Amino acid sequence: MQLTDPKGKMHTITLEAGKQFHTHRGILSHDELIGGPDAVTVGIGTTTYLALRPLLPDFVLSMPRGAQVVYPKDSANIVGMADIFPGAHVVEAGVGSGALSMSLLRAVGEGGRLSSYERRADFAQIAQDNVERFFGGPHPAWSITVGSLEQELDETDVDRVVLDMLAPWECLDAVSRALRPGGVLCCYVATTTQLSRTVEGMREHGTFTEPESWETMLRGWHVEGLAVRPQHRMVGHTGFLCTTRRLADGVEPPLRRRRPSKGMYGEALTERTAPTAVTDAPDLPKEPFRPNLP
Ligand SMILES: C[S@@+](CC[C@H](N)C(=O)[O-])C[C@H]1O[C@@H](n2cnc3c(N)ncnc32)[C@H](O)[C@@H]1O
């Protein structure tokens with residue numbers, strides 16, 4: 001349960017019969033909440049707390065972390081834009097603290113399959129504890145392998161692959177072998193240099209469609225009486241997302257329509273993407289611009 005005091009300070013506790021929760025304001029017996037309804041108020045000393053079962057975003061932001069987690073706004077974006085569907089076979093790496101794993105498990109459901117790979121055994125353990133605490137036990141769709149994805153992955157016919165790691169471009173061969181034609185690869189990276197290397201790696205690989213890249217910025221609003229305005233503070237940057245899809249074997253990616261700027265790529269890449277026909281030139285307006293005057 002998540003207990004929130006009148007100032008908005010939160011405590012997350014796991015209810016266990018006979019246990020107590022101590023604050024400087026007093027003591028709460030877990031038994032007062034066990035078996036009762038969700039979304040109630042409880043008194044601790046003279047203070048009233050709101051007691052709610054945490055939603056997944058609340059849980060993720062308050063759970064123990066090994067590695068930095070994927071923020072809920074990005075997890076939601078990944079589930080939506082990478083089209084993670086009930087029953088899907090999804091591969092994920094790295095697992096870190098397990099935040100994204102939980103959203104993926106929710107999306108694939110008990111009839112799906114999430115195979116997660118994590119290099120560090122200590123992080124894998126933290127993730128496993130977090131996932132089991134959130135779902136109330138082991139999730140039937142989840143398996144976790146300790147090791148590097150590019151060395152361990154030998155699954156095939158995978159619907160979706162989601163990578164949150166330092167160097168996703170090192171995994172492109174393994175991912176390409178695993179994904180079924182039409183399957184989606186979605187990468188989450190923190191910096192522009194990682195984004196560039198990932199996207200160029202996807203293009204160079206030759207088995208993926210033209211990648212799409214974006215970021216999302218979430219700005220909360222303060223709404224109180226006549227004071228309706230954006231919140232003064234926001235999380236300005238979390239990460240970039242990019243997606244691409246696996247082409248069927250033997251299919252060449254179509255030539256890109258837009259001309260790359262001079263000197264933008266190394267030689268090998270310029271050769272493959274260099275425009276060969278007039279149709280490759282950037283789209284130009286066919287008529288001179290006429291302002292719409294009265
Ligand atoms: C930022 S964390 C992932 C956080 C996670 N998505 C979450 O929401 O909690 C990145 C993780 O990727 C792992 N990692 C990096 N490269 C890897 C690889 N090639 N294979 C497997 N795991 C890898 C790291 O050990 C680290 O735990």
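## Residues with positive phi

Asp 83 counts as partly exposed because 14 C-beta neighbours lie inside 10 Å of it; a residue is called buried if 20 or more other C-beta atoms lie within 10 Å of its own, exposed if 12 or fewer do, and partly exposed in between, with C-beta atoms placed from the backbone. The model is predicted, and local features are therefore reported only where pLDDT is at least 70, side-chain atom pairs only at pLDDT 80 or more, while totals for chains, interfaces and linings use all residues. Residues are numbered from 1 along each chain as its sequence is written.

Although Asp 83 is not a glycine, its phi is positive, at about 55 degrees, and the residue sits in the loop between helix H2 (72-81) and strand E7. Helices and strands are DSSP runs numbered from the N terminus, helices being H or I runs of at least four residues and strands E runs of at least two. Asp 157, again not a glycine, has a positive phi of about 60 degrees and belongs to the loop between H5 and strand E10 (158-164). Its C-beta neighbours inside 10 Å number 10, so Asp 157 counts as exposed.

## The chain as a whole

The protein chain has 294 residues, of which 31% count as buried, and its secondary structure comprises 8 helices and 15 strands. Among the contacts in the chain with a separation of 6 or more, 62% join residues that are 24 or more positions apart; here two residues are in contact if their C-beta atoms, placed from the backbone, lie within 7 Å. One pair that is distant in sequence is Arg 133 and Phe 59, which are 74 residues apart along the chain and have C-alpha atoms 9.8 Å apart in space. Arg 133 belongs to helix H4 (residues 121-135), and because it has 15 C-beta neighbours inside 10 Å it counts as partly exposed.

## The open sheet and a separate hairpin

An open sheet is formed by 4 strands in the order E2-E1-E6-E5, with antiparallel pairing; two strands are taken to pair if DSSP finds at least two bridges between them. Strand E2 (10-12) and strand E5 (40-44) stand at the edges with a single partner strand each, so one side of each has no neighbour in the sheet. From one strand to the next the twist averages 30 degrees, where axes are lines fitted to C-alpha atoms, for helices over the stretch in contact, and angles between N-to-C directions run from 0 to 180 degrees.

Strand E1 (residues 2-4) is joined to strand E6 (residues 47-52) by 3 bridges in the antiparallel sense, and Leu 3 has Ala 51 as its bridge partner in E6. E5 and E6 also pair antiparallel, over 5 bridges, with Val 40 standing opposite Ala 51. In the hairpin of E5 and E6, which has 2 residues between the strands, Gly 45 adopts a positive phi near 60 degrees. Another hairpin, formed by E3 and E4, has 2 residues between its strands; 4 bridges join strand E3 (residues 20-23) to the antiparallel strand E4 (residues 26-29), and Phe 21 stands opposite Leu 28.

## Helix H3 and the nonpolar core

Of the 10 residues of H3, 9 are buried, so the helix is largely enclosed by the rest of the structure. The buried residues include Ala 99, Met 102 and Leu 104. Gly 109, which follows H3, has a positive phi near 75 degrees.

The largest nonpolar core has 56 residues, and those with the most contacts inside it are Leu 104, Val 161 and Val 162. Such a core is a set of buried Ala, Val, Leu, Ile, Met, Phe, Trp, Tyr and Cys residues joined through C-beta atoms within 7 Å. Leaving aside neighbours within four places in sequence, Val 161 is in contact with Val 91, Val 175, Ala 178, Leu 179 and Leu 185.

## Surroundings of the ligand

The ligand is surrounded by 24 residues, of which the closest are Ala 67, Gly 94, Gly 96, Ala 99 and Met 165; a residue is near a molecule if its C-beta atom, placed from the backbone, lies within 6 Å of it. Helix H3 (99-108), strand E8 (113-118) and helix H5 (149-152) are the elements that give two or more residues to this shell.

The shell divides into 13 nonpolar, 6 polar and 5 charged residues, where Ala, Val, Leu, Ile, Met, Phe, Trp, Tyr, Cys and Pro count as nonpolar, Asp, Glu, Lys and Arg as charged, and the others, Gly among them, as polar. Gly 94 lies in the loop between strand E7 (89-93) and H3, and the peptide bond that leads to Gly 94 from Ala 93 is cis, with omega near -20 degrees.
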